[in-house]
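Here is a model to look through by question and answer. Each term is set against its criterion.

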Amino acid sequence: LIGRLMFELPEEMGLIAIAVRQTQGKGRGGNVWLSPVGCALSTLHITIPLHSNLGQRIPFIQHLVSLAVVESVRSIPGYEDIDLRVKWPNDIYYSDLMKLGGVLVTSTLIETTFHILIGFGFNVNNSNPTICINDLITKFNKEEGTKLKPLTADCLIARTVTVLERLIDIFQEKGPNGVLPRYYKYWVHSGKQVRLHSEEGPLAWIVGIDDYGFLQVHEEGKGVESVHPDGNSFDMLRNLIVPK
């Protein structure tokens with residue numbers, strides 16, 4: 001639907017499609033996602049000028065969207081300590097334990113404008129088969145004696161889009177350093193180790209992400225290098241390759 005409409009609309013007009021349930025959702029590498037009622041599911045169309053801070057670093061968009069999903073909950077007064085986090089490159093997690101959602105970004109460059117389609121989905125209200133945001137809120141209420149109310153998918157989609165707009169504005173004005181402190185505040189990788197090249201490859205420490213959104217790692221005796229996933233692993237951080 002959006003693919004047909006996005007080139008017909010005036011540039012200043014936003015466009016979003018929201019699904020209540022999804023039977024043919026797309027994941028990375030051609031995976032198909034089945035998403036029942038109770039998830040926040042949407043595809044958002046935005047335009048980014050090629051000659052802009054973000055236009056020169058398009059891979060960063062998936063990180064901004066992941067951060068926006070987390071902040072859609074954790075920026076609500078009282079909900080700041082709900083343990084929702086980002087996992088590089090495109091997942092939303094409960095702590096570092098369980099996946100709650102993900103982001104998939106596709107882009108088309110027409111002349112000097114990127115047309116970006118952002119698909120994002122996260123589990124708001126389904127306890128099975130894993131866990132959902134409202135389970136985390138219930139758990140927090142029990143542990144802390146609070147009475148935070150459950151959240152709804154439509155509220156969190158709206159908040160995500162609003163937060164994303166602000167993050168894009170900040171990135172366009174200040175570049176990566178304008179948003180990275182907020183991103184690191186919520187990511188799951190601080191102090192973690194990964195293997196490079198293969199399952200038996202050398203160990204490296206995760207340091208952060210570089211100006212283009214690639215993961216930075218420090219291998220002992222070799223300094224800091226940027227890496228990307230090998231594309232074959234179910235866990236995106238299981239096996240990383242150093243780009244030439």
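The questions below concern a predicted model and take up a helix pair, a pocket and two backbone features.

Q: Why is H2 called oblique to H4?
A: The two helices pack at an angle of about 130°. Over 145 degrees would count as roughly antiparallel, and 65 to 115 as roughly perpendicular. The angle fits neither class, so H2 is oblique to H4. Their axes are 8 Å apart, and the crossing is right-handed.

Q: How do you know that H2 (residues 60-74) and H4 (153-174) meet, and which residues take part?
A: Contact means heavy atoms within 4.5 Å. On the H2 side, the residues that meet H4 include Phe60, Leu64, Leu67 and Val73. On the H4 side, Leu156, Val163, Leu167 and Phe171 are among them. By class, the contact has 13 nonpolar, two polar and two charged residues.

Q: What makes up the lining of the second largest pocket?
A: Strand S1 (15-19), strand S4 (39-49) and helix H4 each supply at least two residues. The pocket holds about 310 Å³ of space. Of its 16 lining residues, the closest to the centre are Gly14, His45, Ile46, Thr47 and Glu165. A lining residue needs an atom within 4 Å of a pocket point. The classes are nine nonpolar, three polar and four charged.

Q: What makes the peptide bond between Trp88 and Pro89 cis?
A: Its omega is about 0°. Most peptide bonds are trans. Pro89 lies in the loop between strand S5 (84-87) and strand S6 (91-94).

Q: What is notable about the phi of Ser95?
A: Ser95 is not a glycine, yet its phi is positive, about 50°. Most residues other than glycine have a negative phi. Ser95 lies in the loop between S6 and strand S7 (98-110).

Conventions
Residues are numbered from 1 along each chain as its sequence is written. This is a predicted model: local features need pLDDT of at least 70, side-chain atom pairs count only at pLDDT 80 or more; totals for chains, interfaces and linings use all residues. Side-chain values use heavy atoms; hydrogens and water are left out. On a 1 Å grid over the protein atoms alone, a cavity is a set of points where a 1.4 Å probe fits but cannot get out, and a pocket is an open set with protein on both sides within 12 Å along at least five of seven lines; lining residues have an atom within 4 Å of a point. Grid points are joined across faces, edges and corners, and a volume is the space filled by probe spheres set on the points. Helices (H or I, at least four residues) and strands (E, at least two) are DSSP runs, numbered from the N terminus. Ala, Val, Leu, Ile, Met, Phe, Trp, Tyr, Cys and Pro count as nonpolar, Asp, Glu, Lys and Arg as charged, and the others, Gly among them, as polar. Axes are lines fitted to C-alpha atoms, for helices over the stretch in contact, and angles run from 0 to 180 degrees between N-to-C directions. Angles under 35 degrees count as roughly parallel, over 145 as roughly antiparallel, 65 to 115 as roughly perpendicular and the rest as oblique. A crossing is left-handed if the near helix is turned anticlockwise from the far one by less than a right angle, and right-handed if clockwise.
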